[in-house]
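Student: Hey, can you walk me through this one? I'd like to get a feel for how it's put together.

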Amino acid sequence: LAEKMEVSRQTVSKWESDGAFPETEKIIALCELFGCTMDALLRDDLVCEYTEADKSYDTHMNRFSLAVAGGVGLILFGLVIMFMMGALGIHEIFMTIAFLFFVAIAVFIFIFAGITHSDFVKEHPYIGKIYDRAEIKRYNRLFPILLGASVMGILFGVIFLIASEGIAMPESFTEDRWDSLLTMIFFIFITISVTVIVWAGLQKGKYDIDDYNKTADKEQHEEDSLSGKIGGVIMLLATVIYLIIGFVWNLWHPGWIVFLIGGILCGIMEIVFPDKKK
């Protein structure tokens, strides 16, 4: 704090012990640093205020993690539904409409969760050490298990898709419907695994209180990090979808639309988490 205020540690000690009071310009700098008003700094009980923020932080971050992971999961689940409709012989137009319906819901969730998170960060610029070492250690032991199980789930999906080449197609199915059914099962593995990976990653970030409390460019750091991570997941999903559509149905030309959708979603993330440095 002394370094940020450009004063000595002894001066800060005097402020804390009521041996002296900061000058007006230092009070203004303190307000900017801690994200509070001058009246709150001089008169209110900021300890109580921060305690309330600490209590709401865990609840907010849990909801935020579920919202972002749920949005990603909805996009993938839309593919599951789309391929299920294909297995039932429903026309491709209705399959596309069903997929875009889930994408629209996911976009709404991303925007709502992003704005809510940004508002929370502005209202609560500082969070205390609310997690003890034992709690952090427990999650750090759980995280590699979740990550490993999710990656294993993705690999199981790939193995199933490869092994399905040796499964005889039932007489009641056409080739296109059979391919849709197999791809639907593959995307069930992908949906569950990727959703868990996103949720587990956001939960791990929740425990990094020091990162949350970074001052000056803290909020920008959070937004850039989130937009980059979510954008990376979106474009990775777009690539996977494009390759599957191309190899399974040989629809390389119309399949490029998934990159258009991915680009739109990434643009939305940039709006929700704008880069203020630009």
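Tutor: Sure, and one term before we start: two residues are in contact when they have heavy atoms within 4.5 Å. Also keep in mind that this is a predicted model.

Student: Okay, so among contacts between residues at least 6 apart in sequence, what share join residues at least 24 apart?

Tutor: In the protein chain, that share is 76%.

Student: And what's the secondary structure, how many helices and strands?

Tutor: The chain has 12 helices and zero strands. If you read the elements from the N terminus on, you just get α-α-α-α-α-α-α-α-α-α-α-α.

Student: Ha, easy to remember. How much of the chain is buried?

Tutor: There are 278 residues in the protein chain, and 41% of them are buried.

Student: What about the largest nonpolar core, which residues touch the most other members?

Tutor: That core has 30 residues, and the ones touching the most other members are V72, L76, L79, F187, V194 and V198. At least two residues each come from α5 (46-87), α6 (92-123), α8 (175-206) and α10 (218-249). The largest share is from α5, which gives 12 residues.

Student: Pick one for me. What does L79 touch?

Tutor: Leaving out residues up to four places away in sequence, L79 touches F99, F187 and I241. Apart from that core there's another one, with 13 residues, including Y57, Y131, L146 and Y212.

Student: Why would nonpolar side chains end up together like that?

Tutor: As a general trend, nonpolar side chains in soluble globular proteins tend to be buried together.

Student: New topic. How do α7 and α8 pack?

Tutor: Helix α7 covers residues 133-163, and it packs with α8 at an angle of about 165°, with the axes 9 Å apart.

Student: So what does that angle tell me about their directions?

Tutor: Angles over 145 degrees count as roughly antiparallel, so α7 and α8 are roughly antiparallel to each other. The crossing of α7 past α8 is left-handed.

Student: Which classes of residue make up that contact?

Tutor: The contact of α7 with α8 has 19 nonpolar, eight polar and one charged residues.

Student: Last one: where's S13?

Tutor: S13 sits in helix α2, residues 9-16.

Student: And is S13 buried or exposed, or in between?

Tutor: S13 has a relative accessible area of 40%, so it counts as partly exposed; the in-between range lies above the 20% limit for buried and below the 50% one for exposed.

Student: How far is S13 from A2?

Tutor: They're 11 residues apart in sequence, and 9.3 Å apart in space from C-alpha to C-alpha.

Conventions
Residues numbered from 1 in each chain as written. Predicted model: local features only at pLDDT ≥ 70, side-chain atom pairs only at ≥ 80, totals over all residues. Heavy atoms only, no water. Core = buried A, V, L, I, M, F, W, Y, C linked by side-chain atoms within 4.5 Å. Buried < 20%, exposed > 50% of the residue type's maximum accessible area, 1.4 Å probe, protein only. Helix = DSSP H or I, 4+ residues; strand = E, 2+ residues; numbered from the N terminus. Axes fitted to C-alpha atoms, helices over the stretch in contact; angles between N-to-C directions. Parallel < 35°, antiparallel > 145°, perpendicular 65-115°, else oblique. Left-handed = near helix turned anticlockwise from the far one by under 90°. Nonpolar A, V, L, I, M, F, W, Y, C, P; charged D, E, K, R; others polar.
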